[in-house]
Amino acid sequence: MTAHEIEEYLSPMRHEFADPRSLILPALKFAQGDSGWLPAEDMAAVAEATGFSQAYVESVATFYDRLYVEPVGRRVINVCVTLSCMLRGSDEIFDHLADYLGLDGEGTTEDGMFTLAKVQCIGACDRAPCLQIDSGEQIGPLEPADATCLVDDLREQPAPARYER
Ligand code: FES
């Protein structure tokens, strides 16, 4: 991802933001779409395209959970662990998925296919317990076995053309 590509992406929306700092977030999301996370050179390109320092851009990137400054799996499985989901069994879903993926809690599988993460409310409490793959639809209510079927389905799918996280 080059600064020029990011500038082109931002160009139609520049007038929508009174404060140019507001461009950093869409620029980071756009850059992340390429490889699924934000290597330092992508953050440098965002800094160049937006006119802010790389340190400032990195401070924005590290503030948000869904911007990844370390490599993550091809798909990120976000299990909601907030109250409604927790009361309806999200811990069992998470533990079952971690076992199934060979993980000791949150983390990324050795083959780089999946990152498993605990997240706070994803806005679908009526479907608790639920999870979200990348920034897709919330999926629930789930039983532990449903969650592992979901992983099997995802494993069969090709890598996304762009990563929407
Ligand atoms: S508590 Fe899980 S979606 Fe709201």
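Reader: Which residues of the largest nonpolar core touch the most other members?

Author: In this core of 37 residues (buried Ala, Val, Leu, Ile, Met, Phe, Trp, Tyr and Cys joined through C-beta atoms within 7 Å; buried means 20 or more other C-beta atoms within 10 Å, with C-beta atoms placed from the backbone), the members touching the most others are Ala-27, Ala-31, Val-46, Ile-77, Leu-97 and Leu-131.
The model is predicted, so local features need pLDDT of at least 70 and side-chain atom pairs count only at pLDDT 80 or more, whereas totals for chains, interfaces and linings use all residues. Residues are numbered from 1 along each chain as its sequence is written. The names asked for are thus Ala-27, Ala-31, Val-46, Ile-77, Leu-97 and Leu-131.

Reader: Which helix gives the most to this core?

Author: At least two core residues come from each of several elements, including H2 (24–35), H3 (40–50), H6 (90–101) and strand S1 (75–80); helices (H or I, at least four residues) and strands (E, at least two) are DSSP runs numbered from the N terminus. With five residues, the helix that gives the most is H3.

Reader: Where does this core lie?

Author: The domain assignment, which is automatic or from a database, gives domain 1 (3–61) and domain 2 (75–156), and their C-alpha centres are 29 Å apart. Because both domains give residues to the core, it lies between domain 1 and domain 2.

Reader: Which residues of H3 does H2 meet?

Author: On the H2 side, the residues in contact (C-beta atoms, placed from the backbone, within 7 Å) are Ile-24, Ala-27, Leu-28 and Ala-31. Their partners in H3 are Asp-42, Ala-45, Val-46, Ala-49 and Thr-50.

How values were computed:
Buried ≥ 20, exposed ≤ 12 C-beta atoms within 10 Å, placed from the backbone. Contact = placed C-beta atoms within 7 Å.
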